[in-house]
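Student: Got a minute to go through this one with me? I'd like to start with the fold and then pick at a residue.

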Amino acid sequence: MTERIHRGYVIKKATRIGRTEVVFGVNPAEVQPFVTWRTNEWGNFRDYYWGHYFRDEKKALKDYEDRIRGLRHDLKQEKEPDRGRGR
């Protein structure tokens with residue numbers, strides 16, 4: 001796999017869930033050298049959005065894992081019908 005870089009951050013971890021990906025990046029030259037983003041890919045274009053920036057790597061990695069859990073939860077909610085409402 002070729003090294004992915006976005007805005008100077010080297011993508012160190014990436015987890016794809018459906019059409020969306022959560023990534024963790026590092027750029028030691030930045031004041032906040034750690035970042036997590038959500039991404040979507042359309043052909044040769046990848047959209048990085050909702051960046052969360054950190055000075056602390058442990059906090060960034062926790063955010064990465066939290067975002068993965070949140071995305072899985074959101075997708076599960078979209079797929080499952082809401083049972084119990086209106087009863």
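Tutor: Sure, we'll take the overall layout and then one side chain, keeping in mind that this is a predicted model.

Student: What does the secondary structure come to?

Tutor: One helix and five strands. Along the sequence the pattern reads β-β-β-β-β-α.

Student: And in what order do the strands sit in the sheet?

Tutor: The order is S1-S2-S3-S4-S5, in an open sheet with antiparallel pairing. Strands S1 (5-6) and S5 (45-54) are at the edges with a single partner strand each, so one side of each has no neighbour in the sheet.

Student: How many bridges pair S1 and S2?

Tutor: Two bridges, in the antiparallel sense, with S2 covering residues 9-17. As for His6, its bridge partner in S2 is Tyr9.

Student: Switching topic: is Phe24 buried or exposed?

Tutor: Buried, because its relative accessibility is 3% and the cut-off for buried is under 20%. Phe24 belongs to strand S3, residues 20-26.

Student: Which residues is Phe24 in contact with, leaving aside neighbours within four places in sequence?

Tutor: Among them are Val10, Ile11, Phe34, Val35, Ala60, Leu61 and Tyr64. Lys12, Lys13 and Glu57 are also in contact with Phe24.

Student: How far apart are the C-alpha atoms of Phe24 and Gly51?

Tutor: 9.8 Å, with their positions 27 residues apart along the chain.

Student: Last one: what share of the protein is buried?

Tutor: Buried residues make up 37% of the 87. The protein exposes about 6,500 Å², and carbon and sulfur atoms supply 48% of that.

Conventions: Residues are numbered from 1 along each chain as its sequence is written. This is a predicted model: local features need pLDDT of at least 70, side-chain atom pairs count only at pLDDT 80 or more; totals for chains, interfaces and linings use all residues. Side-chain values use heavy atoms; hydrogens and water are left out. Two strands pair if DSSP finds at least two bridges between them. Helices (H or I, at least four residues) and strands (E, at least two) are DSSP runs, numbered from the N terminus. Buried means under 20% relative accessible area, exposed over 50%, partly exposed in between (1.4 Å probe, protein chains only). Accessible areas come from the Shrake-Rupley method with a 1.4 Å probe; for residues, only the protein chains shown count as cover. Contact means heavy atoms within 4.5 Å.
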